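Notebook open. Today I'm looking up how some helices pack against each other.

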Amino acid sequence: MSEFTVTVLRFALFALLWLFVFLIAAVLRQDLFGPRVARSRRDRRRGRAASEAPAAAAHGSPPPDQQSAFSSSPTLVVTSGRQNGFSLLMSAGQLTIGRADDCGFVIEDDFASSHHARIYPQAGAWVVEDAGSTNGTYVGSARLTQPTRIEPGMPITIGHTTMELRA
Amino acid sequence: MTMPPPSGAVRGPRKHRVSELLLILLAVIISAGAYALVGVGTTDEVPANVYSYTIWLAVLGVALHIVVWWRASYADPVLVPIAVLLNGIGLAMIYRIDMALESSAATSQLVWMTLGTVLAALVIVFLRDHRLLRRYTYTSGFAALLLLLLPLIPGLGRTVNGARIWIFIGPMSFQPGEIAKILLAIFFAGYLVAYRDQMVLAGPKILGLQFPRLRDMGPILIAWVASVGILVFQRDLGTSLLYFGLFVAMLYVATAKKTWIFLGLGMFAVGALVATQIFSHVQQRIDGWLNALTAEEYNKTPGGSYQLVQGLFGMSDGGLVGNGLGEGRPQVVPYANSDFIFASLGEELGLIGLFALLLLYVLLFERGMKIASAARDGFGTLFATGVSFTIALQCFIVIGGVTRLIPLTGLTTPFLAHGGSSLVANWIIIGLLLRISDNARRPQDEFATGVLPTLAVDEDESSSTGTRPDTVTGGGAGPDHASEGGRA
């Protein structure tokens, strides 16, 4: 094999190696910066139409003006407390919150019960329910006595931890 | 009962499984290309077995991919490709040294890689939930100590190059310390997640720093002193440094107190100072590091700086683009295919190649940290931090040593270097990280792994409101749930 060919192949290997690195960076891009948001108005309208059809709209987060809680799965974001910044993607099932290991969201808060509260979808809305906790679950400043509908942005307080749903 | 939301409207996170497959295939192609180029560089012809080699690598990668798809479909998509590529590049380099020294290390490395991927797959298949490991907190701590003691048993252990860290069973040799590393991470994570509050809040304050009470710290201190002590006794300073770093990092992550970092660095400084006074080989290493380029150190045998300096010469000869695979002389350096594989790669792939490899390590570590921060339970967070930190620290210790940033200590470069125990342990770590990331990214309704009982709450429940289906599976979330026992 001629020296020239070998040199070309060597550099081709470099190219592939770096291609690999950049491809990995591309896969992780979404993870770091969030999904690509539809840019133009037309894209946004198309995005809304697509969200009616379940299969489509795999890319792109929903347009911000969309109100329905189910246009995509919302995230539960901790806004204050020890786990500030922690976020969790909600989905069709219920989310149990508590200190016990088997909870969907293991809260690190000494004022939370082992199984403190649960959040689940009901009739097209998200409902939070206290699970018989000792210190109670608060939506806004009201202590929960019964399952309560919540909208994105309403603060839910458990112990010293406050969280909210974000669409 | 709840009404499920409109089907398909709630989407889980993207799984990226196809990206993973494509990346694995690209990794296999790069590895095979490197292997072929080694053949061209050394003997002017492509190795005869390049096709079977490529197919074997692809089978390993794709099989692991299928297992991940089957059992951990939300797992992080880049861990396996990175591991396959690093391993493949390492294999090519080991093969290249084989060609020069007429040894057959590459074959054994391929066997170990096969074993490693099989073990990673087994971890994914049989460990349905990483939280199960928490049950074995103390068992793992104890097992780690036993494993570390194994090489001291006469007849089983043997001293190799002054360090008694190997066990020999028939023709097989193994470093139990590599597996002990994972077990210790389980122990630290399980213990710290249970006791971190006591450790942070209770305890005397000295010089403005909060120290934990001895009884909170006791078990972990015993485990750590014992493991590091054994390693020092066996004269394996690289690994004891690694364990020490693991210990400090996990304490810091568990308690979020910078005290531990300063304390750790202080203890390290004291330990290093004491070690240089007590152990002659530590003093040798430091002399060889500081005065590496003097004739006196270079010509000293044993324990001079010959190896280090030859490695540096090799890397400088490689320059920016390297000599090309198979066209340098990396075999001049002792242990060119294990401890000094990074220098060998530097000679033949150059700075461009080394930086790509370093970036792969950085990305691997970044994924580990990301998995740790996404894990839903404290144990998962601590454990993922621990194991990925060991990979990063190991890279730092080895590559720092080879490039003369820090004194040289014998450790293997993760995935690259020839060495079965390290390779197997790192593949197991990949399996565990895949499992944790799958659990962390899985949406709620799919999250029920079904392996953890709903703890003692069930008993509380049955006494107050009768039996109840389950809390985890998310099936029943109606108003029929009453008290779960106020155990705040």
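Entry 1. I started with handedness: H8(B) and H9(B) cross in a right-handed way. Note to self: a crossing is right-handed if the near helix is turned clockwise from the far one by less than a right angle, and left-handed if anticlockwise. Before going on, I noted that this is a predicted model, where local features need pLDDT of at least 70, side-chain atom pairs count only at pLDDT 80 or more, and totals for chains, interfaces and linings use all residues. Residues are numbered from 1 along each chain as its sequence is written, while chains are lettered from A and ligands numbered from 1 in the order in which they are written.

Entry 2. I looked up who touches whom (C-beta atoms, placed from the backbone, within 7 Å). H8(B) brings residues including Phe244(B), Val248(B) and Leu251(B), and H9(B) brings, among them, Trp260(B), Gly264(B) and Phe268(B). The contact has nine nonpolar residues, two polar and no charged. Here Ala, Val, Leu, Ile, Met, Phe, Trp, Tyr, Cys and Pro count as nonpolar, Asp, Glu, Lys and Arg as charged, and the others, Gly among them, as polar.

Entry 3. On to another pair in chain B: H12 (residues 306-318) and H13 (residues 341-374) pack at about 15 degrees, axes 7 Å apart. The axes are lines fitted to C-alpha atoms over the stretch in contact, and angles run from 0 to 180 degrees between N-to-C directions. So H12(B) is roughly parallel to H13(B), a label for angles under 35 degrees. I found the crossing to be left-handed. Their contact divides into two nonpolar, six polar and three charged residues.

Technical notes: Helix = DSSP H or I, 4+ residues; strand = E, 2+ residues; numbered from the N terminus. Contact = placed C-beta atoms within 7 Å. Parallel < 35°, antiparallel > 145°, perpendicular 65-115°, else oblique.
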